[in-house]
Amino acid sequence: MTVELITGFAGTPHIGSDDVGAFNAGLVGPGDYALTTGNQLKATMSNANTIAVQSGDAVLNGRHVHLTGTTTATVQSGTQGQKRNDIAVLRYSKNTTSGVETCQLVVIKGTPTTGTPADPAHNTGSILDGVATHDMPLYRVSLNGITVGTLVPLFNVLKPMKDMWDSLTPIRSGKKNATFTGSVADILSDAEYRALVGRSYTGGDVVVFTPVTTGVDTALVACYDVPHKVVRAIQVGTQQNITMDVRFAVIPAV
């Protein structure tokens, strides 16, 4: 079947993890991400041989993984005179016979060396492509001899849509009929500007003017008359005593 209504009643169970995973990946992206829930997968070494990852949520190629509390995994002891990098991962696994899917915290041991250690290889194939094993790197665990260094996060935290929306700078726009005397016309009074932006003009604001009257193609630039608190438009090029409709856009400084 090439077309299937996922969020619809079919009379029999028909929604699988592949369906939900593809939907999640389409919304948040096809990679691996931690979410801003719980303790956001923060981790510590509870002792020299145990990494403890706190609560949180992750999305692995669309698969949602929830850590309800602190989860631990074993780090093998280091060797005197040698360095080693291990990485702690969330490992997705699928039993290709039963189809059962699981996820667990795993530490992948690196190769000891007297030089500069490298991170060990991990499973990078995408669940969206049908692989049976996929690793989401969480932390690098560096060992110098038997001493464990500071944990290094290796994952991205996906911000909520609300945070992204709040970070956007809204553009205020409108249209005014303006009469130019020489090259200058008053466009926005202080009262009009405050009604648009919620405050008076500041030097960091960006104001753009565009003539929209048919047959008028003069360029306009914005300036601020400080004593009179008026945003004005100035014609660039040949001055015209003209009345025209002017479209304005205000991008407030944040």
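Aspartate 18 is partly exposed, with 47% of relative accessible area. That makes a handy starting point for a walk through this predicted model, beginning with the charged side chains. The partner of aspartate 18 is arginine 63, and the two form a salt bridge in which the closest N and O atoms are 2.7 Å apart. The pair ties together distant parts of the chain: aspartate 18 sits in helix α1 (residues 17-28), arginine 63 sits in strand β5 (residues 63-67), and their positions lie 45 residues apart in the numbering. The two ends of this bridge differ in their surroundings. Arginine 63 counts as buried because its relative accessibility is 10%, and buried means under 20%. Aspartate 18, at 47%, is partly exposed. Nor does the story stop at two residues, as Asp18, Arg63 and Glu101 are linked in a network of salt bridges.

How many salt bridges turn up in a search of the whole structure? The search finds 10. Another of them joins glutamate 192 to lysine 176, with 3.1 Å between the closest N and O atoms. Here too, distant parts of the chain are linked, with glutamate 192 in helix α3 (residues 190-197) and lysine 176 in strand β13 (residues 172-179), 16 residues apart. Both partners fall into the middle class of accessibility: glutamate 192 is partly exposed at 30%, and lysine 176 is partly exposed at 24%. A further salt bridge brings together the side chains of arginine 199 and aspartate 205, at 2.8 Å from N to O. Is each of these partners buried or partly exposed? Arginine 199 counts as partly exposed, at 27% relative accessibility, while aspartate 205 counts as buried, at 5%.

Charged pairs are one part of the picture; nonpolar side chains are another. Ile171, Val206, Val208 and Ile251 make a nonpolar surface patch of about 320 Å². One of these residues, valine 206, belongs to strand β15 (residues 206-211). Valine 206 can be part of such a patch because its relative accessible area is 41%, and patch residues need over 30%.

Next come the pockets. The largest pocket has a volume of about 160 Å³. Which residues line the largest pocket? The lining consists of Leu27, Val28, Leu35, Thr36, Leu158, Lys159, Pro160 and Met161. Sorted by character, this lining comes out as six nonpolar residues, one polar and one charged.

The loops hold a few backbone details worth a look. Glutamine 40 has a phi near 55 degrees, which is a positive value in a residue other than glycine. This glutamine is placed in the loop between β1 (32-35) and β2 (43-47), and it is partly exposed, with a relative accessible area of 29%. Asparagine 61 also has a positive phi, of about 50 degrees, although it is not a glycine. The loop holding asparagine 61 runs between β4 (56-60) and β5. With a relative accessible area of 4%, asparagine 61 is buried.

Another loop residue is serine 55, found between β3 (50-53) and β4. Serine 55 is buried, at 14% relative accessible area. Its C-alpha atom is separated by 8.0 Å from that of threonine 37, and the two residues are 18 apart along the chain. Glycine 99, for its part, is in the loop between β7 (83-94) and β8 (101-108). At 30% relative accessibility, glycine 99 counts as partly exposed. How far apart in space are glycine 99 and aspartate 32? Their C-alpha atoms are 22 Å apart, and 67 residues separate them in sequence.

Finally, there is a residue in a strand. Valine 230 is part of strand β17 (residues 230-236). Is valine 230 buried or exposed? At 11% relative accessibility, valine 230 counts as buried. Valine 230 and isoleucine 187 are 43 residues apart in sequence, yet their C-alpha atoms are 7.4 Å apart in space.

Conventions: Residues numbered from 1 in each chain as written. Predicted model: local features only at pLDDT ≥ 70, side-chain atom pairs only at ≥ 80, totals over all residues. Heavy atoms only, no water. 1 Å grid on protein atoms, 1.4 Å probe; cavity = no way out; pocket = protein on both sides within 12 Å on 5 of 7 lines; lining within 4 Å. Points joined across faces, edges and corners; volume = space filled by probe spheres on them. Nonpolar A, V, L, I, M, F, W, Y, C, P; charged D, E, K, R; others polar. Patch = residues over 30% accessible without salt bridge, like charges linked within 9 Å, V, L, I, M, F, W, Y side chains within 5 Å. Areas by Shrake-Rupley, 256 points an atom, 1.4 Å probe, with all protein chains shown as cover. Salt bridge = Lys/Arg side-chain N within 4 Å of Asp/Glu carboxyl O. Helix = DSSP H or I, 4+ residues; strand = E, 2+ residues; numbered from the N terminus. Buried < 20%, exposed > 50% of the residue type's maximum accessible area, 1.4 Å probe, protein only.
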